[in-house]
Amino acid sequence: MPAQDTNPASPLAPEWLSVPADLNVLEPKMWAKDAGRNEAGELTLDGVPVSDLQRKYGTPLFVMSENDFRARARAFSDAFNDAFADICGGVDVYYAGKSFLCTAVVRWVEEEGLRLDTASGGELAVAAKAGIPGADVALHGNNKSDGEIHRALDMKLGRIVVDSLSELVRVGAIAERRGEVAKVMLRLTPGVHAHTHEFIATAHEDQKFGLSMAADTTDQAGVSAAEEAVAAAAAHPAIELLGLHCHIGSQIFEPDGFALAAQKLLRFLAAMQEKYSIIMPELDLGGGYGIAYTPVDTPRPAAEIANAMAAVVRSTCAELGIDAPRISIEPGRAIVGSTTFTLYEVGTLKTVRVDAPAASGDGDAGNNVTYPRRYVSVDGGMSDNARPVLYDADYSAVLASRTSGAAPQLSRVVGKHCESGDIVVRDVYLPEDVAAGDLLAVPGTGAYCWALSSNYNYLARPGVVAVRDGSARLIVRGETEEDLLSRDMGA
């Protein structure tokens with residue numbers, strides 16, 4: 001059977017991936033609102049062409065729209081405040097800094113009226129350098145050090161989200177020794193299974209985060225770890241128990257999990273308030289709202305998420321006969337993810353042939369035919385985007401330096417690291433005339449790409465450029481070889 005080279009709808013492609021009608025069109029839901037192409041066909045962000053960015057800053061390069069970041073932050077704040085106005089007077093929106101954090105982003109967050117969620121002493125250091133008030137900062141983490149707890153108290157943080165009974169004891173003891181009161185929320189695991197990757201589903205029982213709401217059958221009292229923590233926090237003289245927190249996972253599109261978690265936490269909150277004669281004035285429902293990495297992803301607008309969650313909180317509080325606590329949420333990816341693309345330069349290309357069952361019209365049914373898959377190597381890889389190898393995450397890509405009328409070819413965008421799993425985009429249709437020296441752009445890389453970046457193979461981590469009103473500036477400098485060697489102490 002002769003090899004088939006011309007069928008663009010390759011049987012090697014996953015079922016969700018269709019051949020684009022026009023390879024030059026940018027799918028709006030995957031890009032910043034000010035991304036486009038100029039008259040020459042070159043990808044631009046707020047009018048700045050990618051060739052200018054490459055000449056000035058090199059590649060790989062993270063390219064972020066400041067205006068789009070601000071607009072998405074405002075959209076969450078406005079939508080949730082409107083939806084919850086009649087329930088609890090509005091919502092406190094905490095930007096999840098773990099997705100991407102630098103001092104410029106902290107300032108944007110503060111200027112747009114959001115608060116900041118941190119998860120380490122290093123992230124607290126960024127917050128402090130940016131000058132955001134400690135009252136607007138939260139600290140997470142399943143294994144906070146004593147030093148991080150002290151720093152949180154030094155900065156007078158608005159909340160420390162306690163993750164376990166032992167941590168509650170340490171926070172209380174440190175605050176008491178200092179003669180201070182720690183403002184605490186308790187992170188619970190409500191047992192809600194979000195439809196997402198196992199490693200980013202965080203509300204089921206068999207994982208490291210949070211206090212279980214399930215009753216302990218080995219304990220004579222039969223109370224859960226969550227209830228034990230409520231009782232201990234409420235009785236501790238150095239702890240102010242603000243309320244409860246949960247986070248069911250990340251990259252979630254369906255609202256069912258959020259609704260179920262809200263119901264379970266509100267019922268638990270009402271039961272604890274009645275049993276221990278206390279008031280817990282706050283409830284944090286976490287984040288995890290998904291974005292579009294590929295054309296088939298279906299993110300929900302902030303207003304749709306807000307209205308759905310408000311309806312659940314409103315009805316559940318009415319059913320329980322309680323005043324609604326002040327609600328807070330923690331979007332990160334949903335704000336920063338689509339604001340940013342990664343710019344790469346193409347290097348080596350090669351095409352391999354892979355056996356697959358014959359597609360319609362390609363030969364006798366049941367026979368295998370070889371189909372081409374092209375490997376497009378770029379000058380970055382798993383060191384600037386670890387998500388494909390960590391989570392089997394899907395991305396897309398476009399030819400950025402020009403448009404092309406060439407036929408689509410199934411391609412795999414790969415990095416330059418010494419790993420066969422160093423894949424940036426597993427499956428994408430790119431023009432068959434893509435060549436060395438072309439620029440590719442991978443959208444949706446604002447969240448957890450720079451944050452997870454590494455120096456594997458001694459590659460320098462890329463810089464981050466913010467574009468606003470037709471002007472670009474570095475907000476994180478790219479590393480140099482001198483940076484890489486600066487900590488090498490020699491023989």
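**Exercise 1.** Which residue follows α2, and what is the sign of its phi? Describe helix α2 from its start to its end in this predicted model.

*Solution.* The residue that follows α2 is G89, and its phi is positive, near 80 degrees. To describe the helix itself, begin at its start, where a side-chain oxygen of S65 comes to within 3.0 Å of the backbone nitrogen of D68. Next, take the length: α2 runs over residues 66–88, which makes 23 residues, and the distance from its first C-alpha to its last is 31 Å, close to the 33 Å expected at 1.5 Å a residue. Finally, follow the axis along the helix, and at D82 you will find that α2 bends by about 35 degrees.

**Exercise 2.** Examine the backbone at P60 and at D46, and place each residue among the secondary structure elements.

*Solution.* Start with P60, which is joined to T59 by a cis peptide bond with an omega of about -5 degrees. This proline belongs to the loop between α1 (50–57) and β4 (61–65). Then turn to D46, which is not a glycine and yet has a positive phi of about 50 degrees. D46 sits in the loop between β2 (43–45) and β3 (48–49).

**Exercise 3.** Determine how the protein as a whole is built and how compact it is.

*Solution.* First take the secondary structure, which comes to 12 helices and 21 strands. The radius of gyration is 25 Å, close to the 23 Å that the globule rule gives for 491 residues, and the protein is therefore as compact as a globular protein of that length. As a last step, the C-alpha trace can be followed along its principal axes, where it spans about 75 × 55 × 50 Å.

**Exercise 4.** Characterise the largest pocket and its lining.

*Solution.* The volume of the largest pocket is about 870 Å³. Its lining consists of 40 residues, and the closest to the pocket centre are K98, A119, F209, Y391 and Y448. By type, the lining residues divide into 15 nonpolar, 14 polar and 11 charged. As for the elements involved, β6 (115–118), α10 (333–336) and α11 (387–391) each contribute at least two residues to the lining.

Conventions. Residues are numbered from 1 along each chain as its sequence is written. This is a predicted model: local features need pLDDT of at least 70, side-chain atom pairs count only at pLDDT 80 or more; totals for chains, interfaces and linings use all residues. Side-chain values use heavy atoms; hydrogens and water are left out. On a 1 Å grid over the protein atoms alone, a cavity is a set of points where a 1.4 Å probe fits but cannot get out, and a pocket is an open set with protein on both sides within 12 Å along at least five of seven lines; lining residues have an atom within 4 Å of a point. Grid points are joined across faces, edges and corners, and a volume is the space filled by probe spheres set on the points. Helices (H or I, at least four residues) and strands (E, at least two) are DSSP runs, numbered from the N terminus. Ala, Val, Leu, Ile, Met, Phe, Trp, Tyr, Cys and Pro count as nonpolar, Asp, Glu, Lys and Arg as charged, and the others, Gly among them, as polar. The expected span of a helix is 1.5 Å times one less than its number of residues. The bend at a residue is the angle between axes fitted to the seven residues ending there and the seven starting there. A polar contact is a pair of N or O atoms within 3.5 Å; within protein, one must be able to donate a hydrogen and the other to accept it, and residues adjacent in sequence count only if both atoms are side-chain atoms. The radius of gyration is taken over C-alpha atoms; the globule rule is 2.2 Å times the number of residues to the power 0.38.
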